[in-house]
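Please open the model in your viewer and keep the sequence panel beside it, since each stop of this tour begins with a selection.

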Amino acid sequence: KLDRIYAVSLKTLADCMQEVFEDGPKRDRRLWMGDLRLQALTNYISFRNLDLVKRCLYLFGGSRFPDGRVSAAVFTAPDVQADDTFLFDYALMFVVALEEYLQETNDREALDDLYDIAMRQIEYALRQVQDDGTLKEQAVKDSFIDWCDDLDRGACALGVLIFALRYARRLARRRNDWSSGSFLLQQQGGLRKAALKNYWNEEEGLFVSNGQVSAASQIWMILADVIDPAQGAKAMEQALRRSEVPMGTPYMHHYYVMALLRVGMRQEAEDHLKSYWGGMLDAGADTFWECWDGVHPDLSPYGGAIVNSYCHAWSCTPAYIIERYLLTGSEPE
């Protein structure tokens, strides 16, 4: 089953690799930042079209909002134009994707051209932090996280910011920007403490976001290293069972698997790949879909499954997970 999942993952990615990394061939074929990060990871262990990753990063860097924020998506036809959608977490993924591209290429030109743009995303995000260490309401509202209207995104969005700070610090080291690196380390530490104070329920051993328990909150706080792996494993053991809202998309399921790997739950990560993406195979998929729920196969964020994309970029990552982690025994950094 893993072999089949691997092959269909790569077919999904291949069908979304055109002049840019598209979100999917069915509808408007936009370049989305959240999708790009996951496509690039899978591309690194497969086709290794590094020029295409660079092109996409430059398209985002060159078509920002007037205040310097990176748009959530970019149209490329008939002209290059930033979508008017801003997503707080997607803008931070520009920082993450740039650092991961540099890990693969050590492309000094890209670092020099895009470094200031990446740091602008961090500066904007940090301005959204309130005195108590939580994020302003607008930043939380502007966070995608997953297709789930009922999800409280407060803890998740803060987790994404802390996660992105780790990659921003690596970018600063590449530029020998020690002043920024020191500042980012300080911010990272402060926000971790704030996350524990505001969202961690010691008695339950879970993160609770404005009264809500969700798998997404556990996932992003674990990926942000807010708690240690032992605490994280206990939280992940409860994540799906205790979650008051479901995960809606392979995008969120990818990060769920990564969180399992982060806390050493390797067998659980493999089992989830087989059950979730394997469930799409069992339902007839020959490329992986935009959203999937085996209990509710007609699930759609658009009000009707006919509108769903059935070859979708953010669903391509099992090949990356299998190649980079399950076959090697390594754990995410």
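Begin by selecting E109, which is partly exposed at 48% relative accessibility; the term covers residues between buried, under 20% relative accessible area, and exposed, over 50%, with a 1.4 Å probe and protein chains only. Before going further, note that this is a predicted model, in which local features need pLDDT of at least 70 and side-chain atom pairs count only at pLDDT 80 or more, while totals for chains, interfaces and linings use all residues. Residues are numbered from 1 along each chain as its sequence is written, and side-chain values use heavy atoms, with hydrogens and water left out.

Now add K54 to the selection: its side chain meets that of E109 in a salt bridge, 2.6 Å from N to O, where a salt bridge is a side-chain nitrogen of Lys or Arg within 4 Å of a carboxyl oxygen of Asp or Glu. Because K54 lies in helix α3 (residues 50–62) and E109 in helix α5, the pair ties together parts that are 55 residues apart in sequence; helices here are DSSP runs of H or I with at least four residues, and strands are runs of E with at least two, numbered from the N terminus. K54 itself counts as buried, at 17% relative accessibility.

Staying in helix α5, select R108 and D112, which both lie there four residues apart, about one turn of the helix, and whose side chains form a salt bridge of 3.4 Å, N to O. R108 is partly exposed at 45% relative accessibility, and D112 is partly exposed as well, with a relative accessible area of 38%. For a shared arrangement, select D28, R30 and D83, which are joined into one network by salt bridges that share partners.

How many salt bridges does this rule count? The count comes to 20. One of them joins K1 and D282, with the closest N and O atoms 3.2 Å apart, and this pair links distant parts of the chain, since K1 sits in the segment before α1 and D282 in helix α12 (residues 266–282), 281 residues apart. K1 is partly exposed at 41%, whereas D282 is exposed at 56%.

The last stops concern the backbone. Select R29, in the loop between α1 (2–15) and β1 (31–32), where phi is positive, about 55 degrees, although R29 is not a glycine. Finally, select A77 and P78, which are joined by a cis peptide bond with omega about 0 degrees; P78 lies in the loop between β2 (73–75) and β3 (81–82).
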